[in-house]
Amino acid sequence: MTSWTVDIATGVAERLAADQVCEWDPEGLYHGDSIGCFVGLMPDQPDDAIAVTVLPMAPGSAIAQVVIQVRVRTNNPDPRDTHALAQDVIDCLDDLRHVTIGEHRLPHVWLQSMGDLGPDPAGRPEVALNFYSWARFGSGRSGD
């Protein structure tokens, strides 16, 4: 059984791939110049990557605000490429309304904040995007 947070994060990865922002392979196998998308932590490779994590803001309630964090990284030390990729993610996800992501119907997804994380240990610039939404859970329990 997949947790609802992983289900939403996987749905975001699938949406980003469908909009050709990145490639999505649930096994995490990427080759060449592709921009790989991952659910969870940002891996060391590939150099150009997107990582999606979903966090509940009020675990244990039937309706919870959720944060969908999308981190983007590019191999060019000039951060403009990273910001361009971040803008592609924003164009794909910001202001979605009445959308199904994974198996969850989200009434509205909006960009709440964006932060430049600076270079990672390998010198690759990273940016974090925080999207917010609300999700309803039939069991009355929103945590994993």
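Contact here means heavy atoms within 4.5 Å, and with that cut-off in hand the exercises below work through a model that is predicted.

**Exercise 1. The helices and the sheet**

Determine which strands helix 2 lies across, and then describe the sheet and the place of helix 1 on it.

*Solution.* Begin with helix 2, residues 80-93, which lies across strand 3, strand 4, strand 5, strand 6 and strand 7 and runs at about 15° to strand 7. Next, read the sheet itself: 7 strands form an open sheet with mixed pairing, and their order is 1-2-3-4-7-6-5. Strand 1 (23-24) and strand 5 (96-101) stand at the edges, and because each has a single partner strand, one side of each is left without a neighbour in the sheet. Then turn to helix 1 (residues 4-18), which packs on the sheet and touches strand 1, strand 2 (36-39), strand 3, strand 4, strand 5 and strand 6, its direction making about 145° with that of strand 3.

**Exercise 2. One strand pair in detail**

In which sense do strand 3 and strand 4 pair, and over how many bridges?

*Solution.* Strand 3 covers residues 49-56 and strand 4 covers residues 63-73, and the two pair in the antiparallel sense over 8 bridges. To place this pairing on individual residues, take Val 54, which stands opposite Ile 68 in strand 4.

**Exercise 3. Aromatic pairs**

Find how many aromatic pairs the whole structure holds, and classify each by its geometry.

*Solution.* A search of the whole structure finds 2 aromatic pairs. In one of them, Tyr 30 and Phe 38 lie 5.2 Å apart centre to centre with 75° between the planes; since planes over 60 degrees apart count as edge-to-face, this pair is edge-to-face. Both Tyr 30 and Phe 38 are buried. Trp 110 and Tyr 132 form a tilted pair, with 6.1 Å centre to centre and 50° between the planes. Locating these two rings shows that the pair links distant parts of the chain, because Trp 110 belongs to strand 6 (residues 104-119) and Tyr 132 to strand 7 (residues 125-136), 22 residues apart. Finally, Tyr 132 has 18% relative accessibility and therefore counts as buried, the limit being under 20%.

**Exercise 4. Cysteines**

Work out why the sulfur of Cys 37 and the sulfur of Cys 92 form no bond with the closest cysteine sulfur.

*Solution.* The distance test asks for sulfur atoms within 2.5 Å. For Cys 37 the closest cysteine sulfur is that of Cys 22, at 4.0 Å, which is too far for a bond. For Cys 92 the closest is again in Cys 22, at 8.2 Å, also too far. In agreement with these two results, a search of the whole structure finds 0 disulfides. As for accessibility, Cys 37 counts as buried because its relative accessibility is 1%, and Cys 92 is buried with a relative accessible area of 5%.

**Exercise 5. Backbone exceptions**

Which residues does the cis peptide bond join, and which residues have a positive phi although they are not glycines?

*Solution.* Start from the general expectation that most residues other than glycine have a negative phi, and that most peptide bonds are trans. The cis peptide bond joins Gln 45 and Pro 46, with omega about 5°, and Pro 46 is found in the loop between strand 2 and strand 3. Asp 95 has a positive phi of about 65°; this residue lies in the loop between helix 2 and strand 5 and, at 42% relative accessibility, counts as partly exposed. His 98 has a positive phi of about 50°, has its place in strand 5, and is exposed, with a relative accessible area of 54%.

Technical notes. Residues numbered from 1 in each chain as written. Predicted model: local features only at pLDDT ≥ 70, side-chain atom pairs only at ≥ 80, totals over all residues. Heavy atoms only, no water. Phe/Tyr/Trp six-rings, centres within 6.5 Å; stacked < 30°, edge-to-face > 60°. Buried < 20%, exposed > 50% of the residue type's maximum accessible area, 1.4 Å probe, protein only. Helix = DSSP H or I, 4+ residues; strand = E, 2+ residues; numbered from the N terminus. Pairing = 2+ DSSP bridges. Axes fitted to C-alpha atoms, helices over the stretch in contact; angles between N-to-C directions.
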